[in-house]
Amino acid sequence: MSTRFDPQPFFTQTQHVALCVAASEVFGMLARSLALPAAWAALVTRTGGDQRFVPAGGRVDGTDAAGVLFVRTTPFEVTLTEEGLVTRDKFQCRAELRLSVSVVPERSELSSFQRTVLGSHRVGKCDAVARFLQPLVRSALAEFAAGRSAADAVTALAAEELSAAVREAAQSGCFAAGMSLENVLHAQLTSPQFQNVQRVEEDAARRRAEHEATQQVEEALRESREKHLDQLTALLDRLSELSRKSPDVELPELIRTFTEKQRGELYEALFAAETPTARTQSVVIAASDEVVFFDAESPAAPRRRVPIQGPAGPIRSIQSAADAAGRSALLLGAATGVYRLAPDGSEPDALLLLPDPPLVRGGFNAVATEGEWVLGTHSELGICDWHVGDAMQGHAPTIQGRRRFEDLTRGAKAVRGASSLNGNFFVSVDDRVIQWRAGEDAVAPAAVFGGGSGIITALSVTESGIFAGTADGEVLHWPGGPGDKPHRLHRGAGRPVESLWLLVSQGVRRLFFTDTTGYVHAQVLGDSFACRYEAGGQTLRRVEVAPDLVAATNDLRDRLFLWAPGKPERPLATLPVGAMIGHSIQDVCLLRA
């Protein structure tokens, strides 16, 4: 007959401390003895009532045995937690204890352990020992907490004193139960309530210190400004006098008569004190299948959201434009067409499509208008235009367009930057900029501007000439005709220029551009002065500029940063648009009042 119960697997479990079984469960007719592991002893109760102790690693003889108590002899770890303790200053706290305990391997001690701790239970685990010890230490823990303030109770020194108190409270009880308290491995009082109060006090102290430091810095800055103010006032007075004496000379020419350091100070003062010539009403976000409006003066949350669904697919870009009657509109470049949305509209009131468009991965990256014509650029579909006529006034909801200069765009890597000026359309195709008259059915562009060394990734066409940014990070300027070579305004560092804007104020031309660095560049044309609009280390991708506002999106397309043009040192607002609307930002547009 085989052994009914093999205790060997039980011995291998670290949480097991004792096992009490009938001898008949362990011994059979053929197996009358059992070898103990090195860490387990046994107390054998005979049929006559006497008991015999078998040391660890010995062999248990099952002859005349009625029952066997197996006990672990090596120390084991017991964890106790006591809630609801109260400190002297009335803070709730808890005690966390880890004790090293062992059962004394002697006959009388094992008998005491069986009677006191194991009782009628068959299996004794570490948690059974913990339940036995809990009442032994409870009063000591309560007394320890009540005698100290919360600040004192949670210190490392208090932990040492708590260990001593726990040892003293538990030792006698362990002795009576046949156990030995080997060590107090961990004893600590914690008080989340006190920690919260302490955190509030520390935050208040930190804020007070920061406020005092800020006041000191502001006082130092005030003193510095006062010292500098006289110098700056003298410079502005001198500039004003020069302007009165030379009314035909532009302000930048007058500023260039000053030293480089003085020019920087003058530019900063002029831009900071400038009164905007126009006011931005809304910051408008294109986000895949909706257009989101933020109030420019209080952009903390979206003011309005307009869903965009239609056959042209999801939105890729957004621009503001005026129709032939001079009314403002939003042009939404989509996957295979363009939606037209009135600023106060709830749905597109015109849809510009192409006949039988193929499947595409991108969308129209820029849209421009000139009179009754709309132009769009798409790196897969090329150059497309639509004669909208009354469509921009809402009378014809859908109109079909056509592709232009397909021989020129076929195989091109980048077709971008749809722009218009003085009756002409402009588009970049790889490393060239082409120009033609809006509405003309020419088979080839009227002018081609070349001479650059890289693929053009951003385009801005103004009365001051054509500005282009390249994939290599260079900024080029064609101030004259198509036969001229471009001037290089900015040497790139291998980062593509994503957007370009020219802002003219007080006769000073500033070129704003982004090149996926941690700031927006703003460079005064014709001078060496430049500044950076910082965004706290965020990589910036696109920028949109108005006389009273600068807006930029980060590389992750989940945040929008807004600055006053004259205050580049920190944003007026940082909007977590991705978290607000659940979509990434495709493009941004500043809509004037």
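How far does the backbone nitrogen of S464 lie from a polar atom of the side chain of T462? The distance is 3.0 Å. This value, like the others below, comes from a predicted model. Let us walk through a few parts of it together.

**A threonine in a strand**

T462 belongs to strand β27, which covers residues 456-462. Is T462 buried or exposed? Its relative accessibility is 17%, and buried means under 20%, so T462 counts as buried. Leaving aside residues up to four places away in sequence, T462 touches L421, F467 and L502. One of these residues, L502, falls within strand β31 (residues 499-505), so we can turn to that strand next.

**Two hairpins that share a strand**

Strand β32 (residues 508-514) pairs with β31 and also with β33 (residues 519-524). How much of β32 is covered? Six of its seven residues are buried, which makes the strand mostly covered. As background, strands of a sheet pair through backbone hydrogen bonds, either parallel or antiparallel. The pairing of β31 with β32 is antiparallel, and S505 stands opposite V508. The pairing of β32 with β33 is antiparallel too, with V524 as the bridge partner of R510.

Each of these pairs forms a hairpin. Between β31 and β32 there are two residues, and Q506 takes a positive phi near 55°. Between β32 and β33 there are four residues, and T516 in the turn has a positive phi of about 55°.

Here are the bridge counts for some antiparallel strand pairs:

| Strand pair | Bridges |
|---|---|
| β31 and β32 | seven bridges |
| β32 and β33 | four bridges |
| β1 and β6 | five bridges |
| β35 and β36 | six bridges |

**Two open sheets**

Five strands make up an open sheet with antiparallel pairing, in the order β4-β3-β6-β1-β9. Why is one side of β4 (51-54) and of β9 (123-125) left without a neighbour in the sheet? Both stand at the edges with a single partner strand each, so nothing in the sheet pairs on the other side. On average, neighbouring strands here are turned by 10° against each other, direction ignored. Within this sheet, β1 (residues 16-22) and β6 (residues 65-72) are partners, and C20 stands opposite L69 in β6.

Another open sheet has four strands, ordered β35-β36-β37-β38, again with antiparallel pairing. Its edge strands are β35 (540-546) and β38 (573-575), each pairing on one side only. Neighbouring strands of this sheet are turned by 20° against each other on average, direction ignored. In the pairing of β35 with β36 (residues 549-554), V545 stands opposite V550.

**A helix with a bend**

Now for helix α6, which has 21 residues (156-176). At 1.5 Å a residue, the helix should span 30 Å, and its end C-alpha atoms are 31 Å apart, so the two values agree. Along the way, α6 bends by about 30° at A170. A170 is also one of the buried residues of α6, which include A158, L162, V166 and C174 as well. What covers these buried residues? The cover includes β8 (92-103), α4 (126-146), α5 (150-153) and β10 (179-190).

Both ends of the helix offer a detail to look for. At the start, a side-chain oxygen of T155 reaches to within 3.2 Å of the backbone nitrogen of A158. Just after α6, G178 takes a positive phi of about 75°.

Key
Residues are numbered from 1 along each chain as its sequence is written. This is a predicted model: local features need pLDDT of at least 70, side-chain atom pairs count only at pLDDT 80 or more; totals for chains, interfaces and linings use all residues. Side-chain values use heavy atoms; hydrogens and water are left out. Buried means under 20% relative accessible area, exposed over 50%, partly exposed in between (1.4 Å probe, protein chains only). Two strands pair if DSSP finds at least two bridges between them. Axes are lines fitted to C-alpha atoms, for helices over the stretch in contact, and angles run from 0 to 180 degrees between N-to-C directions. The expected span of a helix is 1.5 Å times one less than its number of residues. The bend at a residue is the angle between axes fitted to the seven residues ending there and the seven starting there. Contact means heavy atoms within 4.5 Å. A polar contact is a pair of N or O atoms within 3.5 Å; within protein, one must be able to donate a hydrogen and the other to accept it, and residues adjacent in sequence count only if both atoms are side-chain atoms.
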